[in-house]
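Q: Hi! I'm new to this one, could you walk me through it?
A: Happy to, here it is.

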Amino acid sequence: MGLHGIKAVFFDLDNTLIDTAAAGRRAIEERAPRPLQVISALQSKHHYGEGEARAVCDKVQAKLLKECHDPAKMCITDLRISHWEEAIQETIGGEANRDLAAECYYLWKTTRLQHLTLAEDTRAMLTELRKGLRLLLLTNGDRQTQREKIEACACQPYFDAIVVGGEQKEEKPAPSIFHYCCDLLGVLPAECVMVGDSLDTDIQGGLNAGLKATVWLNKAMTAPVDTSPVPHYIISSVLDLPAVLQKMEHNTNAKLETDHMAGSNE
């Protein structure tokens, strides 16, 4: 699939290629005897009421959403165990229980990784795209956490390069990380397309870096309250991307034809 003017596509990982949010929910909620998910474990092993167990997990989810991690000050494991420790103390009271917090964290993390999969139809799409384009995975986040996810979903064979924000000086939406990706692949920003679910990092970053196009994955297809930044294209499934790329090619061909006609008329 060779496209005029497009040589590479950059993909975000979390909630774009893999459903990290759903995997996290399953790690907390799914009831199975082996391995015990967190709510079940807190109830059966530690005799928490269901309401208390859910409250702990809800508090952790809220902390994850607001998480600010500085790897120079604390490793991601210690930070996330602290989330569970604080959530347990806020819900149950009493003295901090670091051992229980660590148990909950490792159970949540292990179960979440088990549920991180690259769907078969997504694999097929990436394989087909790679026949004519260079593909790069560009993900923000802590080095250890993101590398574990990449390993868990076994997505390495589908990409020409993988870049983790936590391993670079700056993360998305800084132009520097996008330009680093371009250099890795030997392409220009104007030859690249960014695909991701975050307006703030993926779309704004692609615009900041001067990429040819940005494609926003909006699964809910709901209009954002803030219309800035404005992506070039919007899709409801990552599987819609090939059609968008074909549309870009058609638009490019039409422009070339118009420019040629204009030149002939002069």
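A: Before we look at the domains, one term: buried area is the accessible area, taken with a 1.4 Å probe, that two parts lose on being put together, summed over both. Also keep in mind that this is a predicted model.

Q: Thanks! So how is the protein divided into domains?
A: Domain 1 is made of residues 8-19 + 118-263, and domain 2 covers 20-115. Their C-alpha centres lie 31 Å apart. Domain 1 puts 10 residues into the contact and domain 2 puts in 11 residues.

Q: And how much area do domain 1 and domain 2 bury between them?
A: About 840 Å², with 46% of it on carbon and sulfur atoms.

Q: Which three residues of domain 1 supply the most of the area it buries against domain 2?
A: Asp19, Asp142 and Glu148 do, with 47% of what domain 1 buries there, more than any other three residues.

Q: What about salt bridges, how many are there between domain 1 and domain 2?
A: The count is 1 salt bridge. As for Glu148, its side chain meets that of Lys109 in a salt bridge, 2.9 Å from N to O.

Q: How many residue pairs are in polar contact across that interface?
A: There are 9 such pairs, counting residues at pLDDT 80 or more. On the side of domain 1 that touches domain 2, the residues divide into 5 charged, 3 polar and 2 nonpolar.

Q: Let's zoom out. How many salt bridges does a search of the whole structure find?
A: It finds 16. One to look at joins the side chains of Lys172 and Asp12, at 3.0 Å from N to O.

Q: Why does that pair tie together parts far along the sequence?
A: Because Lys172 lies in the loop between strand 3 and helix 8, while Asp12 is in the loop between strand 1 and helix 1, the pair ties together parts that are 160 residues apart in sequence.

Q: What kind of peptide bond joins Lys172 and Pro173?
A: A cis one, with omega about 15°. Pro173 lies in the loop between strand 3 and helix 8, the helix being residues 175-185. For background, most peptide bonds are trans, and most residues other than glycine have a negative phi.

Q: Is the phi of Asn15 positive or negative?
A: Positive, at about 65°, although Asn15 is not a glycine. You'll find Asn15 in the loop between strand 1 and helix 1 (20-29).

Q: New topic: how many aromatic pairs does the structure hold?
A: It holds 3. Take Phe11 and Phe159: their ring centres are 6.1 Å apart and their planes are at 70°, so the pair is edge-to-face, as planes over 60 degrees apart count that way.

Q: Where do Phe11 and Phe159 sit in the chain?
A: Phe11 is in strand 1 (residues 8-11), and Phe159 is in the loop between helix 7 (143-153) and strand 3 (161-164). The pair links distant parts of the chain, 148 residues apart.

Q: Last one: where is Ser198 found, and what does it touch?
A: Ser198 is in the loop between strand 4 (192-196) and helix 9 (199-208). Leaving aside residues up to four places away in sequence, Ser198 touches Ile203 and Trp216. Ser198 and Gln168 are 30 residues apart in sequence, with 19 Å between their C-alpha atoms.

Conventions
Residues are numbered from 1 along each chain as its sequence is written. Side-chain values use heavy atoms; hydrogens and water are left out. Domain bounds come from an automatic or database domain assignment. Contact means heavy atoms within 4.5 Å. A salt bridge is a side-chain nitrogen of Lys or Arg within 4 Å of a carboxyl oxygen of Asp or Glu. A polar contact is a pair of N or O atoms within 3.5 Å; within protein, one must be able to donate a hydrogen and the other to accept it, and residues adjacent in sequence count only if both atoms are side-chain atoms. Ala, Val, Leu, Ile, Met, Phe, Trp, Tyr, Cys and Pro count as nonpolar, Asp, Glu, Lys and Arg as charged, and the others, Gly among them, as polar. Rings of Phe, Tyr and Trp (its six-membered ring) pair if their centres lie within 6.5 Å; planes under 30 degrees apart count as stacked, over 60 as edge-to-face and the rest as tilted. Helices (H or I, at least four residues) and strands (E, at least two) are DSSP runs, numbered from the N terminus.
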